[in-house]
Amino acid sequence: VAAMAQVWCVYDVQGDRDNSENAFEVFCSDPDAPTLAELQRSCPFTNTGGDWRWRAKVNDDVFGYCWRDVRDAHEPLGSEDGVVRMRIVDVSPQAIERRRRKP
(Lines give C-alpha, C1' and ligand atoms only; values in the text may rest on other atoms or scores of the structure.)
Protein backbone atom coordinates (compact mmCIF):
# COMPACT_ATOMS: atom_id res chain seq x y z
CA VAL A 1 0.00 0.00 0.00
CA ALA A 2 1.42 3.37 -1.03
CA ALA A 3 1.87 6.04 1.62
CA MET A 4 -0.65 8.84 1.53
CA ALA A 5 0.52 12.40 1.10
CA GLN A 6 -1.08 15.46 2.63
CA VAL A 7 -2.04 18.77 1.00
CA TRP A 8 -4.37 21.59 2.02
CA CYS A 9 -7.48 22.56 0.11
CA VAL A 10 -8.11 26.28 0.55
CA TYR A 11 -11.62 27.15 -0.58
CA ASP A 12 -14.46 29.59 -0.36
CA VAL A 13 -18.14 28.76 -0.66
CA GLN A 14 -19.48 30.87 -3.49
CA GLY A 15 -22.68 32.69 -2.61
CA ASP A 16 -22.17 32.56 1.16
CA ARG A 17 -22.62 35.76 3.14
CA ASP A 18 -19.21 35.12 4.64
CA ASN A 19 -16.76 34.97 1.74
CA SER A 20 -13.78 34.10 3.92
CA GLU A 21 -11.40 31.37 2.92
CA ASN A 22 -11.46 28.08 4.77
CA ALA A 23 -9.22 25.05 4.57
CA PHE A 24 -9.18 21.32 5.18
CA GLU A 25 -6.56 18.61 4.94
CA VAL A 26 -6.64 16.28 1.94
CA PHE A 27 -5.01 12.88 2.09
CA CYS A 28 -4.01 11.91 -1.42
CA SER A 29 -1.72 9.58 -3.32
CA ASP A 30 0.11 12.36 -5.23
CA PRO A 31 0.65 15.70 -3.45
CA ASP A 32 1.33 17.42 -6.80
CA ALA A 33 -1.96 16.27 -8.31
CA PRO A 34 -4.73 15.37 -5.85
CA THR A 35 -7.98 14.35 -7.55
CA LEU A 36 -11.45 15.79 -7.13
CA ALA A 37 -12.54 12.48 -5.55
CA GLU A 38 -9.81 12.82 -2.91
CA LEU A 39 -10.92 16.38 -2.14
CA GLN A 40 -14.55 15.31 -1.90
CA ARG A 41 -13.69 12.45 0.48
CA SER A 42 -11.78 14.82 2.76
CA CYS A 43 -14.21 17.75 2.64
CA PRO A 44 -15.90 18.19 6.03
CA PHE A 45 -19.30 19.35 4.79
CA THR A 46 -20.20 18.12 1.31
CA ASN A 47 -21.61 14.85 2.65
CA THR A 48 -24.17 16.76 4.74
CA GLY A 49 -26.44 17.45 1.78
CA GLY A 50 -26.50 19.83 -1.14
CA ASP A 51 -25.46 19.43 -4.74
CA TRP A 52 -21.91 20.74 -4.79
CA ARG A 53 -19.94 21.98 -7.80
CA TRP A 54 -16.20 22.45 -7.59
CA ARG A 55 -14.15 25.08 -9.44
CA ALA A 56 -10.37 25.00 -9.50
CA LYS A 57 -8.22 28.11 -9.64
CA VAL A 58 -6.00 27.71 -12.69
CA ASN A 59 -3.38 29.93 -14.28
CA ASP A 60 -4.46 31.98 -17.28
CA ASP A 61 -2.10 33.82 -19.64
CA VAL A 62 -4.50 36.74 -20.17
CA PHE A 63 -6.13 37.27 -16.75
CA GLY A 64 -3.57 35.70 -14.41
CA TYR A 65 -6.03 33.05 -13.22
CA CYS A 66 -9.58 31.83 -13.77
CA TRP A 67 -12.00 29.39 -12.11
CA ARG A 68 -12.54 26.18 -14.09
CA ASP A 69 -15.38 23.75 -13.37
CA VAL A 70 -14.10 20.32 -12.37
CA ARG A 71 -16.51 17.45 -13.01
CA ASP A 72 -14.36 14.35 -13.49
CA ALA A 73 -13.76 12.78 -10.07
CA HIS A 74 -10.47 11.27 -11.22
CA GLU A 75 -9.05 14.40 -12.81
CA PRO A 76 -5.81 15.46 -11.16
CA LEU A 77 -5.86 19.00 -9.82
CA GLY A 78 -2.64 20.92 -9.61
CA SER A 79 -1.33 22.03 -6.27
CA GLU A 80 1.09 24.83 -5.58
CA ASP A 81 3.35 24.46 -2.56
CA GLY A 82 1.00 21.82 -1.13
CA VAL A 83 -2.14 23.93 -1.56
CA VAL A 84 -5.11 23.44 -3.90
CA ARG A 85 -7.35 26.50 -4.36
CA MET A 86 -11.03 25.79 -4.98
CA ARG A 87 -14.34 27.59 -5.13
CA ILE A 88 -17.32 25.47 -4.11
CA VAL A 89 -20.96 26.25 -4.84
CA ASP A 90 -24.13 24.45 -3.77
CA VAL A 91 -26.49 24.32 -6.77
CA SER A 92 -29.30 22.42 -5.03
CA PRO A 93 -32.77 24.01 -5.41
CA GLN A 94 -32.81 24.83 -1.68
CA ALA A 95 -29.48 26.68 -1.85
CA ILE A 96 -30.51 28.61 -4.95
CA GLU A 97 -33.72 29.68 -3.24
CA ARG A 98 -31.76 30.83 -0.14
CA ARG A 99 -29.48 32.94 -2.35
CA ARG A 100 -32.45 34.51 -4.11
CA ARG A 101 -33.95 35.61 -0.78
CA LYS A 102 -30.71 37.19 0.42
CA PRO A 103 -31.04 40.91 1.15
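Modeller: Let us start with a definition: a residue is buried when its relative accessible area is under 20%, exposed when it is over 50%, and partly exposed in between, computed with a 1.4 Å probe on protein chains only. The model is predicted, which is why local features need pLDDT of at least 70 and side-chain atom pairs count only at pLDDT 80 or more, while totals for chains, interfaces and linings use all residues. Residues are numbered from 1 along each chain as its sequence is written, and side-chain values use heavy atoms, with hydrogens and water left out.

Biologist: Why is aspartate 51 called partly exposed?

Modeller: Its relative accessibility is 32%, and this value falls between the limits just stated, so aspartate 51 is placed in the partly exposed class. Arginine 53 receives that label too, because its relative accessible area is 30%.

Biologist: What makes aspartate 51 and arginine 53 a salt bridge?

Modeller: The term requires a side-chain nitrogen of Lys or Arg within 4 Å of a carboxyl oxygen of Asp or Glu. For aspartate 51 and arginine 53 the closest N and O atoms are 2.7 Å apart, so the criterion is met. The structure holds 5 salt bridges, and another of them links glutamate 75 to arginine 68, with the closest N and O atoms 2.9 Å apart; arginine 68 is partly exposed at 31% relative accessibility.

Biologist: How do you know that aspartate 69 and arginine 55 tie together parts of the chain?

Modeller: They form a salt bridge, the closest N and O atoms being 2.7 Å apart. Aspartate 69 belongs to strand S4 and arginine 55 to strand S3, so the pair connects parts that are 14 residues apart in sequence. Strands here are DSSP runs of E, at least two residues long, and helices are runs of H or I with at least four, both numbered from the N terminus. With relative accessible areas of 36% for aspartate 69 and 22% for arginine 55, each partner counts as partly exposed. Salt bridges with shared partners also join Arg55, Asp69 and Arg71 into one network.

Biologist: What makes S3 and S5 a pair of strands?

Modeller: Two strands pair if DSSP finds at least two bridges between them. Strand S3 (residues 52-60) and strand S5 (residues 83-90) are joined by 5 bridges and run antiparallel, so the threshold is reached. Within S3 and S5, tryptophan 54 stands opposite isoleucine 88. By that criterion S1 and S2 also pair, in the antiparallel sense over 7 bridges, whereas S1 and S5 pair in the parallel sense over 6 bridges. Alanine 5 has cysteine 28 in S2 as its bridge partner, and tyrosine 11 stands opposite methionine 86 in S5.

Biologist: Why are S2 and S4 called edge strands?

Modeller: The open sheet has 5 strands in the order S2-S1-S5-S3-S4, with mixed pairing. Strand S2 (22-28) and strand S4 (64-70) each pair on one side only.

Biologist: What makes strand S1 mostly covered?

Modeller: In strand S1 (residues 5-13), 7 of the 9 residues are buried. Cysteine 9, for example, is buried at 0% relative accessibility.

Biologist: How do you know that cysteine 9 is too far from cysteine 43 for a bond?

Modeller: A disulfide is a pair of cysteine sulfur atoms within 2.5 Å. The sulfur of cysteine 9 has its closest cysteine sulfur in cysteine 43, at 7.1 Å, so that distance is too far for a bond. The count by this rule is 0 disulfides.

Biologist: Why is the pair of tyrosine 65 and tryptophan 67 called edge-to-face?

Modeller: Rings of Phe, Tyr and Trp (its six-membered ring) pair if their centres lie within 6.5 Å, and planes under 30 degrees apart count as stacked, over 60 as edge-to-face and the rest as tilted. The search of the whole structure finds 1 aromatic pair. The rings of tyrosine 65 and tryptophan 67 have centres 6.1 Å apart and planes at 85°, so the pair is edge-to-face. Tyrosine 65 is partly exposed at 40%, and tryptophan 67 is partly exposed at 26%.

Biologist: What makes aspartate 81 exposed?

Modeller: Its relative accessibility is 78%, which is why aspartate 81 counts as exposed. Aspartate 81 is in the loop between S4 and S5, and has a positive phi of about 55° although it is not a glycine.
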